[in-house]
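Biologist: I have a structure open and would like to go through it with you. Can you put it up?

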Amino acid sequence: MLNVVVLVSGGGTNLQAVIDAAEAGEIRNARISGVISNNRNAYALKRAEKHGIKNCCISPKDFASREDFNKSFLETVELFEPDLIVLAGFLVVIPPKMIEKYRNRIINIHPSLIPSFCGTGYYGLRVHEAALSRGVKVVGATVHFVDEGTDTGPIILQKAVEVERGDTPETLQRRVMEQAEWKILPQAIDLIANGKIKVENGRTVTELG
């Protein structure tokens, strides 16, 4: 049984999608052992409580330096003994030591088809604002492993979503979540938990049998 720890900063809609998929049996051989947020007011923590999932808050604002936070953050994560760490809208930079310790065991959901509209500064509504500004016809979401770069790790799954006439950043964000993010994040966790994903030469190899 894979121990999954979810890191989240806000409302936790992706967390809810993972919880729902796990409870529906769509994620096999895995359980959410903990939820960690950097925001004590994050609704994601309440979602975790409702489902009996251990949760806690650890914020950089409570530490004298980023080095002190990084050390305590890593120690907090380790308490949950994760086999897989899921970033579900987590707006804190992951410390290099954590990336090294959990190499190819940290995944992130990003609301675009990487390599489009990704990297530093592209998060939340900014991604959808940029997509609409550029006039693209297709957007989507990507689940990828986390490495030392920003949205540069090996891609696991992607799903496309069509842009519709009259879309605003808000309507597009919602459709990308509903049609892509909430589907491929649980699917990626299930694939990893059942040994269907491996990384070779910086790329993922997926066995969909």
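Modeller: We can go from the overall build to single helices and residues.

Biologist: What kind of model is this?
Modeller: This is a predicted model, where local features need pLDDT of at least 70, side-chain atom pairs count only at pLDDT 80 or more, and totals for chains, interfaces and linings use all residues. Residues are numbered from 1 along each chain as its sequence is written, and side-chain values use heavy atoms, with hydrogens and water left out.

Biologist: How many helices and strands are there in the protein?
Modeller: The protein has six helices and nine strands. Helices (H or I, at least four residues) and strands (E, at least two) are DSSP runs, numbered from the N terminus.

Biologist: And how much of it is buried?
Modeller: 49% of the 209 residues count as buried. Buried means under 20% relative accessible area, exposed over 50%, and partly exposed in between (1.4 Å probe, protein chains only).

Biologist: What box do the C-alpha atoms fill?
Modeller: Taken along the principal axes, the box is roughly 45 × 45 × 40 Å.

Biologist: Now helix H1. Which of its residues are buried?
Modeller: H1 covers residues 13-23, and its buried residues are Asn 14, Leu 15, Gln 16, Ala 17, Val 18, Ile 19 and Ala 21.

Biologist: What covers them?
Modeller: The cover includes strand S1 (2-8), strand S2 (30-37), helix H2 (43-50), S5 and H6. Contact here means heavy atoms within 4.5 Å.

Biologist: What follows H1?
Modeller: Gly 25 does, and its phi is positive, near 80 degrees.

Biologist: Different topic. How do H5 and H6 cross?
Modeller: The axes of H5 (residues 125-134) and H6 (residues 169-193) come within 9 Å and cross at roughly 110 degrees. Axes are lines fitted to C-alpha atoms, for helices over the stretch in contact, and angles run from 0 to 180 degrees between N-to-C directions. H5 and H6 are therefore roughly perpendicular to each other (the range for that is 65 to 115 degrees).

Biologist: Which residues make the contact?
Modeller: From H5 they are Leu 125, His 128, Glu 129 and Leu 132, and from H6 they are Pro 169, Glu 170, Leu 172, Gln 173 and Val 176.

Biologist: Last one, Gly 124. Where is its place?
Modeller: Gly 124 is in the loop between strand S5 (106-110) and H5.

Biologist: What is its relative accessible area?
Modeller: The value is 31%, so Gly 124 is partly exposed. Its C-alpha atom is separated by 9.7 Å from that of Leu 91, 33 residues apart along the chain.

Conventions
Angles under 35 degrees count as roughly parallel, over 145 as roughly antiparallel, 65 to 115 as roughly perpendicular and the rest as oblique.
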